[in-house]
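Notebook, contacts between chains and between domains. I looked up the interfaces and kept the entries short.

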Protein chains: 2
Amino acid sequence: MNQNIVTSLDQQLRSRAEKVVPGGMYGHLNARPLPPGYPQFFAKGEGCHLWDVDGRRYIDFMCSWGPILLGHKYPAVEEAVERQRQQGDCLNGPTERMVELAEKLVANIPHADWAMFQKNGTDATTSAITVARAGTGRRKILVARGAYHGAAPWCTPSVVGVTAEDRAHLVHFEFNNIESLEAAAEAAKGDIAAILVAAFKHDLSVDQMLPDPPFAQRAREICNEVGAALIIDEVRAGFRLSVGGSWEKLGIRPDLAAWSKAIANGYPLAALTGNDRFRDAASRIYVTGSFWMGAVSMAAAIATIDELLATNGIAHMERIGTRLRDGIAEQAMRHGIRLRQTGPVQMPLILFDDDPSFAKGARFASEAIKRGVYMHPRHNMFLSLAHTESDIDETLEVTDVALARLASEYRA
Amino acid sequence: MNQNIVTSLDQQLRSRAEKVVPGGMYGHLNARPLPPGYPQFFAKGEGCHLWDVDGRRYIDFMCSWGPILLGHKYPAVEEAVERQRQQGDCLNGPTERMVELAEKLVANIPHADWAMFQKNGTDATTSAITVARAGTGRRKILVARGAYHGAAPWCTPSVVGVTAEDRAHLVHFEFNNIESLEAAAEAAKGDIAAILVAAFKHDLSVDQMLPDPPFAQRAREICNEVGAALIIDEVRAGFRLSVGGSWEKLGIRPDLAAWSKAIANGYPLAALTGNDRFRDAASRIYVTGSFWMGAVSMAAAIATIDELLATNGIAHMERIGTRLRDGIAEQAMRHGIRLRQTGPVQMPLILFDDDPSFAKGARFASEAIKRGVYMHPRHNMFLSLAHTESDIDETLEVTDVALARLASEYRA
């Protein structure tokens, strides 16, 4: 339980990793940008709990950065996985699972007439823009400035090692800003293949933002006017906000949508869904991967979606998400701390006022992790079906102490 | 055993898939381009055998197009997978398995000072060129015409939905042709980030070709002269031809190498290895994926490499590959059929003389599959540790009949 002893297994593994992995770790799971006290290496997960390699247990509010939807090692998913693994996973072609899963997506996602499967969320967003280009014969993709759509050269947040040509056909607009969207459409006039937009704004380090209905409506209209594809990137939000598509409640249906993360409760899978207008284009592009037809991940996805629907899991996540949000809001008020909780309650983000360098957020997260609550100071978090009211109450005891500390430090 | 009844499960699944998957199937596992008699859907795999959804059993010479190296459901790999799955797979960071696997690659691959992990072979080749560009500050990638390096816009074999800019910085040469390599280097002068070349030429529908030592040497020299990265794409050949790198026996060491397919005996994983010259660049690019740190695939890779080394599996594949090649050569001679068997014996390719439309190849493969031998008429095949001498002998009985048929038809 002593996190600072220099001989912790986490420290030992970091030292070993430093020698054989560039920078010791990379990508979004790199713990280096996190505040003091965060482990880099994990040993196991179960339900809404996570254990690091030194045996410390956490209530997990990252859910593997999205994939864990029902909870770690959810029995019905693990049973489906085990059954499929006994048969076969990676074969010379798909199994019956591919058809079942495609049928399930088409049955549950109103815009979807078809589905294709991949491994990474990036595979799904990249396939989406490729289908849009194939279907329209045009090149420009309108994307919101600062949005994350994956980590391939055309979209990764860093331009290190990326050429200008990789992004030659991206035209930027501001999320929820109709004028900027229209300006982007005007700039790309005659060559617009698609508008690609996240289910909601969930950019790093800034308040989250749900789509304004008129903005969503205008995006749909522009695509209709110019014959472009409206692509919704559901990779992060999909299955946590809705099964059918995050913009359904706004009455807006995309032509294409990219899915991954939560689709198979942690098993590697991504999907592209589309309507009949883009079916022919989707059949003409060439995308593939050695493991894309892996039946174990597809069996996991079928079980995940079935369980999510059977348990009304999204309503549960909304309920406990609201409990967490309300609890923290009350505590913040009581301690005189100004903070902002934005976005959907099941994907919480907590940012502090007057915190330009995120020092307050870091202190808060640091106090939480040392008391066994794994939160993130700048990235949206994720709830799961496995979080219970008592897990939230246990968490709120910790956040109360963390906010009290913060209040005393910033008053001092 | 009746493959032509219209109510076969394979036919039913194809009809259902037609409705919910564009074109019914896509990518390299699409059975449509295959000759009559090939199933699209599979039920299970075990050792070197594969069963389709209608219960027909095949001796499998595709090994899931490469991933199955030790045989389907190889016990030591499945045990490692099961053990890891009981702990955790997709968590908030890597497990100890990541460090162990990176150390294992560095210990066994002479050029490798570090490793990074991904999911698709395409992720590994794309990361490789990104690292090369980051490390050199240059843009051009020299690639062999017709080589397959993945299915992202910059490299996929089809240009449908791809823009000219996606390939703006590729400069082509002919494999094993020093003059064309030098011409490409001259054309890209001052801006060469890398030469990217497959472990050997394994392009679809043409004879395979091992690298000529002077060609390999010249590629290394050019990279040294201009400060570019030599990248070997080991995705298809890696772990089947060697563990340390396919060009080691030529005395040529790359700066970067991309690995996938066979690395984890069918579990989804890819890796990029590199030397210290490119370590800093590799630490500066941003690549990531939701499932890249999945510990189950890493545990599978550790077990796969251990077993491959412990069993001297590559020597076994060479031995049985030679038995297959010699047997078919003898049969072809005896039946008066002219055919070419090219490339490494453990990755066989059989092409027929005077067969511009591949009709002979298709007939041969069709006769083989209906007798329970799953071969490919135009793509290289794959042997595994699970193929025994008696499997080869059983196969040779089938190929003998298939070649006899072919001889009688083409004599007629």
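How many residue pairs are in polar contact across the interface of chain B and chain A? I find 42 such pairs, both residues at pLDDT 80 or more. I note at the outset that this is a predicted model.

**Entry 1: elements and classes on the chain B side**

I listed the elements of chain B that each supply at least two residues of the side touching chain A. The helices are α1 (9-20), α2 (75-87), α3 (96-108), α4 (121-136) and α7 (279-284). The strands are β1 (42-46) and β4 (114-118). By class, I get 48 nonpolar, 28 polar and 23 charged residues on that side of chain B.

**Entry 2: extent of the chain interface**

I looked up the contacts next: 99 residues of chain B are in contact with 99 residues of chain A. The area buried between chain B and chain A comes to about 8,400 Å². Carbon and sulfur atoms give 59% of that area. In chain B, I find that Tyr26(B), Asn92(B) and Tyr286(B) lose the most area to chain A. Together these three account for 10% of what the chain B side buries.

**Entry 3: salt bridges**

Over all chains, I have 71 salt bridges in the structure. Between chain B and chain A the count is eight. I wrote down two pairs with their N to O distances. Arg85(B) and Glu82(A) meet through their side chains at 2.6 Å. This pair crosses between chains, with Arg85(B) in helix α2 of chain B and Glu82(A) in helix α2 (residues 75-87) of chain A. The side chains of Arg16(A) and Glu96(B) also form a salt bridge, at 4.0 Å. The cut-off for a salt bridge is 4 Å.

**Entry 4: symmetry**

What rotation superposes chain B on chain A? I get 180°, with 0.0 Å of shift along the axis and an RMSD of 0.0 Å. That is the relation of a two-fold axis. In chain B, the C-alpha nearest the axis belongs to Glu165(B), and I have it 2.6 Å from the axis. I then compared the two sides of the interface. The copies meet through the same surface, because 100% of the interface residues of chain B are also interface residues in chain A.

**Entry 5: domains of chain A**

I turned to the domain assignment of chain A, which gives domain 1 as 9-70 + 312-411 and domain 2 as 76-310. Taken over C-alpha atoms, the centres of domain 1 and domain 2 of chain A are separated by 27 Å. In chain A, I count 26 residues of domain 1 in contact with 25 residues of domain 2. The two domains of chain A bury about 2,200 Å² between them, with 60% of it on carbon and sulfur atoms.

**Entry 6: polar pairs between the domains**

How many salt bridges does the rule find across the interface of domain 1 and domain 2 of chain A? I find one. I also looked up Arg340(A) and Asp207(A), whose side chains meet in a salt bridge at 2.8 Å, N to O. For polar contacts between domain 1 and domain 2 of chain A, I have 17 residue pairs, both residues at pLDDT 80 or more. On the domain 1 side, the elements giving two or more residues are α9 (313-335), β11 (339-342) and β12 (349-352) of chain A. The largest share of that side, three residues, comes from α9(A). By class, I divide the residues of domain 1 of chain A that touch domain 2 into 16 nonpolar, eight polar and two charged.

Note on methods:
Residues numbered from 1 in each chain as written. Chains lettered and ligands numbered in written order. Predicted model: local features only at pLDDT ≥ 70, side-chain atom pairs only at ≥ 80, totals over all residues. Heavy atoms only, no water. Contact = heavy atoms within 4.5 Å. Buried area = accessible area lost by both parts, 1.4 Å probe. Polar contact = N/O pair within 3.5 Å; in protein donor to acceptor, adjacent residues only side chain to side chain. Helix = DSSP H or I, 4+ residues; strand = E, 2+ residues; numbered from the N terminus. Nonpolar A, V, L, I, M, F, W, Y, C, P; charged D, E, K, R; others polar. Least-squares fit on C-alpha atoms with pLDDT ≥ 70 in both. Domains from an automatic or database assignment.
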